[in-house]
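The questions below ask how certain labels for a protein model are earned. Each answer sets a computed value against its definition and then concludes.

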Amino acid sequence: MEHNQTEASGAIPGAGANPSSATLNQDIGQGRGVFISTYGCQMNVNDTERMYSLLEMANFTPVQTAEEASVIIINACSIREKPVHKVYSEVGTYRKMKEKNPDLRIGVGGCVGQQEKENLIKKQPMIDFVFGTDTIDNLPNLVAQVYENDKARVVNAKVEHRAPYHVETLVRNPGVSTFVNIAKGCDNFCSFCIVPFTRGREKSRPLSHVLMDVRTLVKRGVKEVTLLGQNVNSYHSECGADFADLLQKVAQETGIERVRYTTSHPKDFNQKLVDVMYANQPKVCEYIHLPFQSGNSRILERMNRGYTREQYLEKIQMIKKAIPNVVLSTDIIVGFPGETEEEFQDTITMVQEVGFETIFAFKYSPRPFTKAAKFEDQVPEDVKTERLNRLFDIHDIMAFDLVKRYEGLTLQVLVEKADSVEGKITGRTPENKLVHFLGSADLIGQTVPVKITKAFPAVLRGELVQ
Ligand code: 5AD
Ligand code: SF4
């Protein structure tokens, strides 16, 4: 099903504002703080960073709390649950602030802005502006517009379905590890997923731009990048490079110490990529996040995932054969429409058979525009909740056993930060495990050997090997 997207770009009738024609008045940012409240995935966190950077360039000052801000933006993900309700309830909490401070402007962006467009402004008069996922770069103009015309309430949420995707990474303090977008949008139309509607069709960044970004980040002290896209495996640059080519070049031609990527789609995961991962170890981390969503082939077909249970397991075999130490994580949806108890059991056995160290599991949540939301055999909420809890219980026990293998091993830990507790530091292993240990903050940015003394599913504890 293809949703007939209505594209909105313009002002609410009566306000007379048109964001595309605005010329930015740099003085508008002067003395005004901006606070962005973020819900959602890494893509949204990355977008928030981009918003802060752009507004900072326009002389706004990023601040730590909504109370200090003149501009409050809610950047909300709409992939699950009822994000629109969350947005309205957060906006509601700013009511008193808005009454006291006539200079305060409230905006909503991200996937919720994209999905709801002018409905947000119509339903909640406290919202001054709305923007989408493809119009972030116009944000300073949009905010300027809202200040320049007191009554302006502006919506700018046009989706550029096929326009080239040129966005350099904008991050204020990249630290040791950061994310680099390589592609956006998605053409897969899994029947449960809103992303193709909120992020538009899939677009890849030119290979040279990604390499340039990573080199710049390396110069700024970044040691690890995670290449980010909704489906990185279908990356294709205009010069004909695929994702494996890109990964190889990032690993070999940028000076970066570690590379990760997310998210992969099983149907596009191929031997060439596994070979590149193997050839570039340890630089390319032996960790793969490979969502399977359901362990049952009938449900997978209804999800429009493009693979069966058997085909997924074949991919896992291919990966494990080449990279025996690989650590795997996955996303799972329970209670997809029509899922029977037996079909859910297939999901449990899949988790056990593959031996995922980490799972991200969710109750199916009907999303607007999607095919599955219209399926008639929706699973009752209490059944979904019970299945999710059962899955987590089974996985918890399994994960404790799996991580025991780390105890006594010495792992290479890239130190990311000092903890709030004096003398403690935290880093990450190539397997994507967080490790807490005693050490000096001077080690931040260095990769050091740490002997693991205690393993828990989410974190490891260890001692620095001197
Ligand atoms: N309901 C529940 N989970 C969903 N996801 C995506 N859409 C939905 C939905 N409608 C999950 C998938 C995806 C992850 C990012 O979010 O598991 O991989
Ligand atoms: Fe959504 Fe991922 Fe499917 Fe694309 S591949 S439609 S982002 S679940």
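A polar contact is a pair of N or O atoms within 3.5 Å; within protein, one atom must be able to donate a hydrogen and the other to accept it, and residues adjacent in sequence count only if both atoms are side-chain atoms. The model is predicted, with local features needing pLDDT of at least 70 and side-chain atom pairs counting only at pLDDT 80 or more, while totals for chains, interfaces and linings use all residues. Residues are numbered from 1 along each chain as its sequence is written, chains are lettered from A and ligands numbered from 1 in the order in which they are written, and side-chain values use heavy atoms, with hydrogens and water left out.

Q: What makes the approach of glutamine 293 to ligand 1 a polar contact?
A: A polar side-chain atom of glutamine 293 lies 2.7 Å from an oxygen atom of ligand 1, and therefore the pair falls within the 3.5 Å limit. Arginine 80 has a side-chain N or O atom 2.6 Å from an oxygen atom of ligand 1, and for aspartate 331 the corresponding distance is 2.6 Å. The protein covers 88% of the 400 Å² of accessible area that ligand 1 has on its own, areas that come from the Shrake-Rupley method with a 1.4 Å probe.

Q: Which residues are around ligand 1, and how do they divide into nonpolar, polar and charged?
A: A residue is near a molecule if one of its heavy atoms lies within 4 Å of it, and the residues around ligand 1 include Ile79, Phe192, Lys363 and Ser365. The shell divides into five nonpolar, two polar and four charged residues, where Ala, Val, Leu, Ile, Met, Phe, Trp, Tyr, Cys and Pro count as nonpolar, Asp, Glu, Lys and Arg as charged, and the others, Gly among them, as polar. Strands β14 (327–334) and β15 (358–363) each supply at least two residues of this shell, strands being DSSP runs of E with at least two residues and helices runs of H or I with at least four, numbered from the N terminus.

Q: Why are β16 and β17 called paired strands?
A: Two strands pair if DSSP finds at least two bridges between them; β16 (residues 410–418) and β17 (residues 424–428) have four bridges, in the antiparallel sense, and therefore qualify. Valine 415 has glycine 427 in β17 as its bridge partner, and the hairpin formed by these strands has five residues between them.

Q: How do you know that cysteine 111 is not in a disulfide?
A: A disulfide is a pair of cysteine sulfur atoms within 2.5 Å, whereas the sulfur of cysteine 111 is 5.4 Å from the closest cysteine sulfur, in cysteine 77, and is therefore too far for a bond. The count by this rule is zero disulfides.

Q: Why is cysteine 111 called buried, and asparagine 304 partly exposed?
A: Buried means under 20% relative accessible area, exposed over 50%, and partly exposed in between, with a 1.4 Å probe and protein chains only. Cysteine 111, at 6%, is therefore buried, whereas asparagine 304, at 41%, counts as partly exposed.

Q: What makes the peptide bond from threonine 262 to threonine 263 and the phi of phenylalanine 189 worth listing?
A: Most residues other than glycine have a negative phi, and most peptide bonds are trans. The bond from threonine 262 to threonine 263 is cis, with omega near 5 degrees, and phenylalanine 189, not a glycine, has a positive phi of about 50 degrees.
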